[in-house]
Amino acid sequence: MYYAINRLIMYGKKNGDYEPLRQIADVIRRLVEKGNSENGDELISELYDQIYKILDIATKYGFDKNLWQSYIAYLMATDENPFSMICEKVGRAQGASVNKIVDQDMDWFYDMFHYDFSSVEEKLGIECFSILTNYHSMAKAENTYNKSVSAKVRELVEELEKAKDGADFFDVICQFYQRYGVGKFGLNKAFRVTHQGEEMVLEPITNTSEVSLDHLIGYDMQKNMLVENTEAFVEGRKANNCLLFGDSGTGKSTCIKAILNRYYDKGLRLIEIYKHQFQDLSKILDQVKNRNYKFIIYMDDLSFEEFEIEYKYLKAVIEGGMEIRPDNVLIYATSNRRHLIRETWSDRSDMSQDELHRSDTMQEKLSLVARFGLSINFNKPMKKEFEEIVLGLAEANDKINLSKEDLLLQANAWSLRNGGYSGRVAEQFIIHLESIGGQK
C-alpha cells in the first residue's frame, strides 16, 4: 500500500480526505524500508493521529464494522475528478482512453481495500488496525450523523466486498456514480452557503426533514401546482421560478421540503440562501451550472424593507443580468408578503414632496415579484379546515386518545390562545397533547 497511493493517477489529487491514507502509507513505507532504525514510538504516534482522523470521519457519517473499508469506499464516492463527473452523467464510456487510466487506479484501490495490516501491528506491537477493521460503534440517533452519505457508502462497501479484482471495482464504482452521482452534490440533498476565509462554500446540510406532501393536510390545489412545476423542471422541461406567499404557519416551507424529498432520487438538490448572502448568487451558479443535477435555490421567509437593496442581486440573477441563469437552476421562495418589498401609501401616489414620479418607485418594487413566473397563495384555513387538519394529525398519531368532540373542543381553545387557525398551530397542539400523554 505504501506505493499504491502515490501511483493513483485520476484519484486523490484535490481531495483533502486522502491525507490519512497518505500518512499511513508513508509510515508503512518507512517501516518496511528502514525497519528497526526508525523510532517505533514516533511511528506509532503518527499512526494514531491518522487513525483518529479516520474515526472522526466514521463518526461524522455513522460508519460501522470495517472502518478501513468504509473509509476507502468514502474516498471513492466523494472524489470529484474528470472520470467520476462524466460517469455521473453518462455512466461507463465504452472504449474511452480514460478507462485504461482508471483501470490502474482501481487495481490500487482493490489492494488498499483488502490490505493486511497484521505485519505492521506485529512489528510495532499495536492492535489499532485490528480494532479499526472490526469496529462496533455506539448506537446513536440518526440526526447525529450524515444519514444520507452513510447509507450510500455502506451500500458501496457491500458491493466492493463482492468484487474479485480491480476490474470488478471499476464496474461497481461506475454503477454507483451513475445511480447516485459523486461528491457532495451526489450524496447530499441540501446545502447552505458558508464562507471559509474569502471562499464561498456550499456546505451539506446533513440532516433534513423527512416530511412528505401528505403530511400537509389540505391545500391540494397549491400542492398540485408546485408538483407540476417541479416535475417539469426535473424532467428537463421549461419551468418557472416560484413564489409561495401567504399567511404564516400555512405550510409553505413544508411544501418545499416535501418537494425535495419527493424528487431527490430524480436528481433534485436544494441550496438554502439568506438575503444577506445574495451577493454570492453568481458564485453559486458557477459551481452548479455544469453538474448533472437540478438545483432549487431556496429562500425562506423572503421580504425586504425599504432601505434594503439586496433584492437587486436577486432580480439580476432571476432575469435581467447579462449572464443567463443555467437551465438546471430554479429559484423557490416563501414569503408572508405578496410583493416581497415593503410598500407605503405614498408609493401609490405620484404626489410626493421628495420624488417626482412615485409610480416609478412602485414599479421598481413590483418588478421583483413579477420575475417569479408562478405565485401560489397559501391562506389561513377557516375553522372547518383547521379542524380537518387537527383530525388528520391526530389520526396519524397513535398516542392521541381523545374523542373527536373533546379533541376539537381543546383544539379550538388552543387556537384562541396561540395565534388563531393555521396548520402550524394545529401541529403545535398535537405536540402538546403528546407531551402530556395524549389526553387532558
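Across which strands does helix 13 (residues 281–288) lie? The views below, taken from a predicted model, address this question and two further topics.

**View A. Helix 13 against the strands.** Helix 13 (residues 281–288) lies across strand 1 (190–196), strand 2, strand 4 (268–272), strand 5 and strand 6. Relative to strand 2, helix 13 runs at about 65°.

**View B. The open sheet of 7 strands.** The strands follow the order 2-1-4-5-6-3-7, and their pairing is mixed. Strand 2 (199–205) and strand 7 (374–378) form the edges, each pairing on one side only. From one strand to the next, the twist averages 25°.

**View C. Pairing of strand 5 with strand 6.** Strand 5 (residues 294–299) and strand 6 (residues 329–335) run parallel and are joined by 5 bridges. Within this pairing, Ile296 stands opposite Leu330 of strand 6.

**View D. Packing of helix 1 with helix 3.** Two packed helices are described by the angle between their axes and the distance between the axes. For helix 1 (residues 19–34) and helix 3 (residues 67–78), the angle is about 125° and the axes are 11 Å apart. The two helices, helix 1 and helix 3, are therefore oblique to each other.

**View E. Residues at the contact of helix 1 with helix 3.** Helix 1 contributes Glu19, Pro20, Leu21 and Ile24, which meet Trp68, Tyr71, Ile72 and Leu75 of helix 3. Classified by residue type, this contact of helix 1 with helix 3 has 7 nonpolar residues, 1 charged residue and no polar residues.

Terms used
Residues numbered from 1 in each chain as written. Predicted model: local features only at pLDDT ≥ 70, side-chain atom pairs only at ≥ 80, totals over all residues. Heavy atoms only, no water. Axes fitted to C-alpha atoms, helices over the stretch in contact; angles between N-to-C directions. Helix = DSSP H or I, 4+ residues; strand = E, 2+ residues; numbered from the N terminus. Parallel < 35°, antiparallel > 145°, perpendicular 65-115°, else oblique. Contact = heavy atoms within 4.5 Å. Nonpolar A, V, L, I, M, F, W, Y, C, P; charged D, E, K, R; others polar. Pairing = 2+ DSSP bridges.
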